Amino acid sequence: MRAFKGNTVHGNGTVSGELIAINSPISFLGDVDGTRGVVKVKGREINITSKILALPYSTGSTVGPYVMYQLAKYGKAPLAILATKPDTLMLVGSIMANIPLIINIPEEILNYSGCIVKVNLDESTVLIPDECKASNANA
């Protein structure tokens with residue numbers, strides 16, 4: 001197993017699921033459909049419902065946290081969000097929507113999209129099985 005260490009900001013326990021890695025910042029207001037659980041990146045829609053979402057950070061409006069809340073309200077939220085850099089609006093949205101969040105994860109995590117990973121929020125770690133090979137992020 002490969003382990004990546006960050007800092008848990010919100011959440012506890014463990015979650016496992018498919019890692020969806022997006023290698024560019026997203027705007028929760030402009031790029032995320034909170035009622036459908038999809039992120040629009042480079043003309044594609046990527047389902048984040050019940051997945052582990054990894055991204056560098058978010059950009060955009062103070063409405064972003066409300067879109068994160070909308071994801072949770074409609075049952076379309078990711079199981080957890082992993083961010084390489086701290087982002088105030090993502091922190092607020094994570095708490096409002098009760099979406100687990102780890103920040104300061106190494107950027108290398110963005111190379112493992114499609115892998116089934118285990119997120120331990122109590123230890124602030126993400127475990128990737130050895131059989132999962134690095135690939136490119138989704139966008």
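This passage describes the fold of a single chain, from its overall dimensions to its sheets and helices, as seen in a predicted model.

The chain contains three helices and 13 strands. Its radius of gyration is 13 Å, close to the 14 Å that the globule rule gives for 139 residues, so the chain is as compact as a globular protein of that length. Along the principal axes, the C-alpha trace spans about 40 × 30 × 25 Å. Half of the chain lies out of reach of solvent by the criterion used here, in that 50% of the 139 residues count as buried, with under 20% relative accessible area. The area that the chain exposes comes to about 6,300 Å², of which carbon and sulfur atoms supply 49%. Among the contacts with a separation of 6 or more, 72% are accounted for by residues 24 or more positions apart.

Eight of the strands are assembled into an open sheet with mixed pairing, in the order β1-β13-β12-β3-β8-β10-β11-β2. The edges are occupied by β1 (2-5) and β2 (7-10), each of which has a single partner strand, so one side of each is left without a neighbour in the sheet. From one strand to the next, the twist averages 30°. Helix α3 (residues 88-97) packs on this sheet, where it touches β2, β8 (52-55), β10 (80-83) and β11 (101-103), and its direction makes about 160° with that of β11.

Antiparallel pairing can be followed through the part of the sheet that begins at β1. Strand β1 is joined to β13 by four bridges, the two strands running antiparallel, and within this pair R2 stands opposite I128 of β13. On to β12, strand β13 (residues 125-128) pairs with β12 (residues 116-120) in the antiparallel sense over three bridges. Here V119 stands opposite V126, while N120 stands opposite T125. The two strands form a hairpin with four residues between them, and S124, which lies in the turn, has a positive phi of about 60°. Strand β12 is in turn joined to β3 (residues 14-21) by five bridges, again with the strands antiparallel, and G17 stands opposite V117 of β12. In general terms, the strands of a sheet pair through backbone hydrogen bonds, either parallel or antiparallel.

A further open sheet consists of three strands in the order β5-β6-β7, with antiparallel pairing. Its edge strands are β5 (32-33) and β7 (44-47), each of which pairs on one side only. Two bridges join β5 to the antiparallel strand β6 (residues 38-41), and D33 stands opposite V38 of β6.

The burial pattern of two helices was then examined. In helix α2 (residues 64-73), the buried residues are G64, P65, V67, M68 and L71. Seen down the axis of α2, these residues fall within an arc of 160°, so they line one face of the helix. An α-helix has 3.6 residues a turn, so residues three or four places apart point the same way. The buried residues of α2 pack against α1 (28-31), β5, β10 and α3, and the contacts of this helix thus include a strand of the three-stranded sheet, β5, as well as a strand of the eight-stranded sheet, β10. The face of α2 turned away from the buried side carries the exposed residues Y66 and K73. Just after α2, G75 takes a positive phi of about 70°.

Helix α3, which packs on the eight-stranded sheet, has M90, G93, S94 and A97 as its buried residues. Viewed down the axis of α3, they fall within an arc of 105°, so they too line one face of their helix. The face of α3 turned away from its buried side carries the exposed residues T88 and I95.

Definitions and conventions: Residues numbered from 1 in each chain as written. Predicted model: local features only at pLDDT ≥ 70, side-chain atom pairs only at ≥ 80, totals over all residues. Heavy atoms only, no water. Pairing = 2+ DSSP bridges. Axes fitted to C-alpha atoms, helices over the stretch in contact; angles between N-to-C directions. Contact = heavy atoms within 4.5 Å. Rg over C-alpha atoms; globule rule 2.2 N^0.38 Å. Buried < 20%, exposed > 50% of the residue type's maximum accessible area, 1.4 Å probe, protein only. Areas by Shrake-Rupley, 256 points an atom, 1.4 Å probe, with all protein chains shown as cover. Arc of directions from axis to C-beta.
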